[in-house]
Amino acid sequence: MKKRTVIGTNIANFRKEKGITQKQLAEALGKKVQTVSKWEQGISYPEVMLFPQIAAYFRISIDEIFNGRKVRKKRAPKKAVQEESIAEEIVAEENTASESKPE
């Protein structure tokens with residue numbers, strides 16, 4: 001038995017995370033269940049042109065198929081969000097003040 005590849009392991013993990021069978025994934029991608037099984041076992045790889053379809057199916061990036069984790073967009077630190085909010089309030093107040101000044 002061959003050693004599982006990173007790509008195969010990741011596809012299996014995303015599939016299990018989504019709670020679907022190999023057969024369901026195969027049908028969604030227009031492939032045979034044996035093909036998906038071979039990917040997950042490391043016997044073969046998906047065709048290059050299939051990676052975008054796999055990524056779209058799992059709602060992940062192609063990079064995540066290779067890296068094995070869902071890459072989440074980093075949030076701005078709480079302090080930066082607060083400072084941005086304060087700056088927006090100041091600009092809004094200045095705009096309101098300049099609109100209410102008689103000419």
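A residue counts as buried when its relative accessible area is under 20%, and Thr5, at 14%, is therefore buried in this predicted model.

**View 1. Thr5 in the segment before helix α1.** Thr5 is found in the segment that precedes α1, and with a relative accessible area of 14% the residue is buried. A polar atom of the Thr5 side chain lies 3.0 Å from the backbone nitrogen of Gly8. When residues up to four places away in sequence are not counted, Thr5 touches Trp39, Gly42 and Tyr45.

**View 2. The surroundings of Trp39.** Leaving aside neighbours within four places in sequence, Trp39 is in contact with Thr5, Gly8, Ile11, Leu29, Lys31, Ser44, Tyr45, Pro46, Leu50 and Ile54. Trp39 also belongs to the largest nonpolar core, where Trp39 is one of the residues that touch the most other members.

**View 3. The largest nonpolar core.** This core has 16 residues, of which Ile11, Leu25, Trp39, Ile54, Phe58, Ile60 and Ile65 touch the most other members. Helices α1, α2, α3 and α4 each supply at least two residues of the core, and the greatest share comes from α4, with four residues. In soluble globular proteins, nonpolar side chains tend to be buried together.

**View 4. The buried face of helix α4.** Helix α4 spans residues 51–58, and its buried residues are Phe51, Ile54, Ala55 and Phe58. Seen down the axis of α4, these buried residues fall within an arc of 95 degrees, so they line one face of the helix. An α-helix has 3.6 residues a turn, so residues three or four places apart point the same way. The buried residues of α4 pack against four other helices, namely α1 (6–18), α2 (22–29), α3 (33–41) and α5 (62–67).

**View 5. Arg59 after the end of α4.** Arg59 follows α4 and is found in the loop between α4 and α5. Although Arg59 is not a glycine, its phi is positive, at about 60 degrees. With a relative accessible area of 76%, Arg59 is exposed, whereas Phe58, within α4, is among the buried residues of that helix.

**View 6. Ile62 of helix α5 beside α4.** Ile62 has its place in helix α5 and is partly exposed, with a relative accessible area of 34%. Not counting residues up to four places away in sequence, Ile62 touches Phe51, Pro52 and Ala55. The C-alpha atoms of Ile62 and Phe51 are separated by 6.3 Å, although the two residues are 11 residues apart along the chain.

**View 7. The whole chain and its confidence.** The protein chain has six helices and zero strands, and, read along the sequence, it follows the pattern α-α-α-α-α-α. Buried residues make up 25% of its 103 residues, and the accessible surface of the chain comes to about 8,000 Å², of which 53% belongs to carbon and sulfur atoms. Among the contacts in the chain with a separation of 6 or more, 60% join residues that are 24 or more positions apart. The pLDDT averages 81 over the protein chain, and 63% of the residues score at least 70. Confidence is highest in α2, at a mean of 97, and lowest in helix α6 (residues 78–100), at a mean of 60.

Key
Residues numbered from 1 in each chain as written. Predicted model: local features only at pLDDT ≥ 70, side-chain atom pairs only at ≥ 80, totals over all residues. Heavy atoms only, no water. Buried < 20%, exposed > 50% of the residue type's maximum accessible area, 1.4 Å probe, protein only. Arc of directions from axis to C-beta. Contact = heavy atoms within 4.5 Å. pLDDT = per-residue confidence, 0-100. Polar contact = N/O pair within 3.5 Å; in protein donor to acceptor, adjacent residues only side chain to side chain. Areas by Shrake-Rupley, 256 points an atom, 1.4 Å probe, with all protein chains shown as cover. Core = buried A, V, L, I, M, F, W, Y, C linked by side-chain atoms within 4.5 Å.
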